[in-house]
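Here are my notes for you, written as numbered points. Keep the viewer open and look up the residues as you read.

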Amino acid sequence: MTDRVAANRCVTVGFVENTSVQTVTRALSVLDCFRGGEERGVSEVARAQGLAVSTTHRLLGALVQAGFLEKDAASSRYRMGGALAEYGQIAYRQHKIYLAEPALEQLAATTGATGSVATRHGIHAVLLGTSRWRETDGHELQGVRLPLHASALGKALLAWSEVSDDELRSLPYEEGTERSVSSAEELRAELVATRARGYAFNDRELDPGFRTIGLPILDPRGHCRFALGLRGPVTLMIDERVPFFVELAKVTAAEIAATFAAAE
């Protein structure tokens, strides 16, 4: 093989690899449009992603074929597919979140609030397990992916971890309400205060009607892979009750940490 042929082949292979990576990236971005649980049409997804309708149609078709999306035959709209539920169950079992469920349910029954366990994924805290739906939440349930800077779960995960200034600067400070922190410097100061206080607190920073307490779930080495959240409406989590809820949540976080450690 001549040098020129070898060089051309490398260029071709590199082009194919780059194209494949771009296709996968676009498909994942398209899939992200369905994160909220809504059904969406081709044109709607195309506009959201800035893609041609034909390209979007091909990506949606591939995602349907893989089972990540489903297409409604009557409306021709798309929704989340069964394969994602399967992968979600696999992750649920691998993280052993089911072991935390009894403690979450007990905490929820005692407080009337919602208990949850989350882990960090990039710039967000992702809920892995939540106590059963409670009337105190109303019909607008908490999202699965929460911005780190504006959620008690996210702030707990950050406060009990080594986090660089660059990581803090990369967070989406445009998300949240007017009560949430708006800069890396402000967040750094809050994380220091959170660590000193012993718990994180979200006071209407994501939802104007809700407050959340966040606590680290530490492994035997002191690492914070998971966090515990206790979320309720402001009418339930009044200032006078917060210290009591914090103490209950601390006991629950320690119980879950011990349960996870015993299962290793």
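1. A word you'll need straight away: a residue is buried under 20% relative accessible area, exposed over 50%, and partly exposed in between, using a 1.4 Å probe and protein chains only. Helices (H or I, at least four residues) and strands (E, at least two) are DSSP runs, numbered from the N terminus.

2. Before you trust the details, note that this is a predicted model: local features need pLDDT of at least 70, side-chain atom pairs count only at pLDDT 80 or more, and totals for chains, interfaces and linings use all residues. Residues are numbered from 1 along each chain as its sequence is written, and side-chain values use heavy atoms, with hydrogens and water left out.

3. Now the overview. The protein chain has nine helices and eight strands, and 39% of its 264 residues are buried. Contact means heavy atoms within 4.5 Å. Of the contacts between residues at least 6 apart in sequence, 56% join residues at least 24 apart.

4. Take helix 5 (101-111). Which of its residues are buried? They are Ala 103, Leu 104, Leu 107, Ala 108 and Thr 111. These sit on the same side of helix 5 because they cover an arc of only 135° around the axis (the arc is that of the directions from the helix axis to the C-beta atoms). Pro 102, Gln 106 and Ala 109 are exposed on the other side of helix 5. Strand 3 (114-121), strand 4 (124-130), strand 8 and helix 9 are among the elements covering the buried residues. Just after helix 5, look for Gly 112, with a positive phi of about 80°.

5. Next, the largest nonpolar core. A nonpolar core is a set of buried Ala, Val, Leu, Ile, Met, Phe, Trp, Tyr and Cys residues joined through side-chain atoms within 4.5 Å. This one has 25 residues, and those touching the most other members are Val 117, Tyr 199, Ile 213, Ile 217, Leu 228, Ile 256 and Phe 260. Two or more residues come from each of helix 5, strand 7 (210-218), strand 8 (224-233) and helix 9 (242-262). Helix 9 gives the most, with eight residues. Another core, of 23 residues, lies apart from it and includes Leu 171 and Tyr 173.

6. Try clicking on Ile 217. Leaving out residues up to four places away in sequence, Ile 217 touches a list that includes Val 117, Phe 226, Leu 228, Ile 256 and Phe 260.

7. How do helix 2 (residues 42-49) and helix 3 (residues 53-65) pack? Their axes are 9 Å apart, at an angle of about 110°. Axes are lines fitted to C-alpha atoms, for helices over the stretch in contact, and angles run from 0 to 180 degrees between N-to-C directions. So helix 2 is roughly perpendicular to helix 3, since angles of 65 to 115 degrees count as that, under 35 as roughly parallel, over 145 as roughly antiparallel and the rest as oblique. Val 42, Val 45 and Ala 46 in helix 2 meet Val 53, Thr 56, His 57 and Leu 60 in helix 3.

8. Zoom in on Val 45 in helix 2. Val 45 counts as buried because its relative accessibility is 1%. Beyond its neighbours within four places in sequence, Val 45 is in contact with Val 30, Cys 33, Phe 34, Arg 40 and Thr 56.
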